[in-house]
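Trainee: Could you walk me through how to read the features of a protein model, one by one?
Mentor: Happily. Let us put the model in view and begin with a single residue.

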Amino acid sequence: MSALFLKRFIRNPFKVASIVPSSRTLIRRVSGKMDFTAPRVIAEYGPGEGCHTREIARRMHRESRLLLFELDPQLCTHLSAQFAGDPRVSVHNTDCARLPDVLAEAMLTHCDYIVSGIPFSILEKEKKREILSNTHAALKPAPDSAFIIYQVTNELRARGHCNHFAHAESEYCLVNLPPMFVTTFYKQANGRTAHAGNGKNGRRMNGNGAH
Ligand SMILES: C[S@@+](CC[C@H](N)C(=O)[O-])C[C@H]1O[C@@H](n2cnc3c(N)ncnc32)[C@H](O)[C@@H]1O
């Protein structure tokens, strides 16, 4: 599976943006941000060959839904084959900016969680703004609803791109190639104190601390 990922990186380095899939440690850190005890609607942006997807699908409730948004057609074919037997998972070979349309087509109103591995730092400003605004609007107005990203830089937080979220928590995962920030943006503050724009240099941590 890593071979397919590498091939797709060579073909389209600016979209795929990584030569190896996320590590087991990073995958566990990201999945650990979600509560899987009840049915959830989850969207994943940029699942690649499906390393986070497999863990989310393994943990999630049997009545949950998992919507995958992947631009690369070959990775989509691979994902569709992998999850062919799991009716909770749907693969969408489209830009994640289309989340509102896909939710409407699936007759779903909101997401509980949105997980993202797309390379935000190399997206054009307008595209970034569109995705972040659609993401915020699609999240359920509930205490734990969150947008969870893993990125080499913490620029979405440090540069205030996610200031419309009420609260953010970041941690640093060293056990990944390359090391990544995992940042959780909550739609509601819910008694949590720091604003989503905190962390000027991208390394100010709340809640979970740095690792
Ligand atoms: C860095 S890879 C992450 C892959 C995988 N999630 C992992 O952790 O190993 C980023 C993926 O995002 C996809 N991608 C980039 N921009 C996207 C967009 N706007 N919408 C959907 N997928 C996108 C790429 O095709 C690529 O598979």
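Mentor: Keep in mind that this is a predicted model. Our starting residue is Tyr150, which is buried because its relative accessible area is 7%, under the 20% cut-off.

Trainee: Where does Tyr150 sit in the fold, and which residues does Tyr150 touch?
Mentor: Tyr150 belongs to strand β5, which covers residues 146-151. Leaving aside residues up to four places away in sequence, the contacts of Tyr150 include Ser22, Leu26, Val30, Glu44, His52, Met180, Phe181 and Val182. Val115, Ser116 and Gly117 are also among them. For Gly117, the C-alpha atom is 5.8 Å from that of Tyr150, although the two residues are 33 apart along the chain.

Trainee: What does the protein look like as a whole, in helices and strands?
Mentor: There are eight helices and seven strands. Of the 211 residues, 51% are buried. Contacts can also be sorted by sequence separation: among those with a separation of 6 or more, 70% are between residues 24 or more positions apart. The accessible surface comes to about 9,900 Å², and carbon and sulfur atoms account for 54% of that area.

Trainee: How many aromatic pairs does a search of the whole structure find?
Mentor: The search gives seven. Take Phe147 and Phe165: their ring centres are 6.0 Å apart and their planes meet at 20°, so this pair is stacked. Phe147 lies in strand β5, while Phe165 is in the loop between α8 (155-158) and β6 (167-173), so the pair ties together parts 18 residues apart in sequence. Both Phe147 and Phe165 are buried.

Trainee: And how should I read the pair of Tyr172 and Phe181, with planes at 50°?
Mentor: That angle falls between the 30 degree limit for stacked and the 60 degree limit for edge-to-face, so the pair is tilted; the ring centres are 4.6 Å apart. Tyr172 is buried at a relative accessible area of 15%, and Phe181 is buried too, at 6%. Phe181 is also one of the residues that Tyr150 touches. Beyond single pairs, ring pairs link Tyr45, Phe69, Phe120, Phe147, Phe165 and Phe185 into a cluster.

Trainee: Which residues of helix α5 are buried?
Mentor: In α5, which runs over residues 73-82, they are Leu75, Cys76 and Leu79. These residues span an arc of only 100° around the axis, which means they lie on the same side of α5. Thr77 and Ala81 are exposed on the other side of that helix.

Trainee: Now for charges. What is the general idea behind a salt bridge?
Mentor: Side chains of opposite charge can pair when their charged atoms come close. In this model, a search of the whole structure finds 15 salt bridges. One of them joins Asp35 and Arg40, with the closest N and O atoms 3.0 Å apart. Asp35 is partly exposed at 29% relative accessibility, whereas Arg40 is buried at 17%.

Trainee: How far apart are N and O in the salt bridge of Lys127 and Glu130?
Mentor: They are 3.5 Å apart. The two residues are three apart in helix α7 (residues 125-138), so about one helical turn separates Lys127 from Glu130. Lys127 is partly exposed at 26% relative accessibility, and Glu130 is partly exposed at 38%. Elsewhere, salt bridges that share partners join Arg24, Glu55, Arg58 and Arg59 into one network.

Trainee: Where should I look for backbone features such as a cis peptide bond?
Mentor: Go to Leu177 and Pro178, which are joined by a cis peptide bond with omega of about -5°. Pro178 is in the loop between β6 and β7 (180-186). Then check Met107, which is not a glycine but has a positive phi of about 55°. Met107 lies in the loop between α6 (99-105) and β4 (113-116), and this residue is exposed, with a relative accessible area of 76%.

Trainee: Last one: which residues make the nonpolar surface patch of about 280 Å²?
Mentor: Leu6, Ile10 and Ile19 make that patch. Leu6 is in helix α1, residues 2-11, and is partly exposed, with a relative accessible area of 37%.

Notes. Residues are numbered from 1 along each chain as its sequence is written. This is a predicted model: local features need pLDDT of at least 70, side-chain atom pairs count only at pLDDT 80 or more; totals for chains, interfaces and linings use all residues. Side-chain values use heavy atoms; hydrogens and water are left out. Helices (H or I, at least four residues) and strands (E, at least two) are DSSP runs, numbered from the N terminus. Buried means under 20% relative accessible area, exposed over 50%, partly exposed in between (1.4 Å probe, protein chains only). Contact means heavy atoms within 4.5 Å. Patches are made of residues with over 30% relative accessible area and no salt bridge: like charges are joined within 9 Å, nonpolar side chains (Val, Leu, Ile, Met, Phe, Trp, Tyr) within 5 Å. Accessible areas come from the Shrake-Rupley method with a 1.4 Å probe; for residues, only the protein chains shown count as cover. A salt bridge is a side-chain nitrogen of Lys or Arg within 4 Å of a carboxyl oxygen of Asp or Glu. Rings of Phe, Tyr and Trp (its six-membered ring) pair if their centres lie within 6.5 Å; planes under 30 degrees apart count as stacked, over 60 as edge-to-face and the rest as tilted. The arc is that of the directions from the helix axis to the C-beta atoms.
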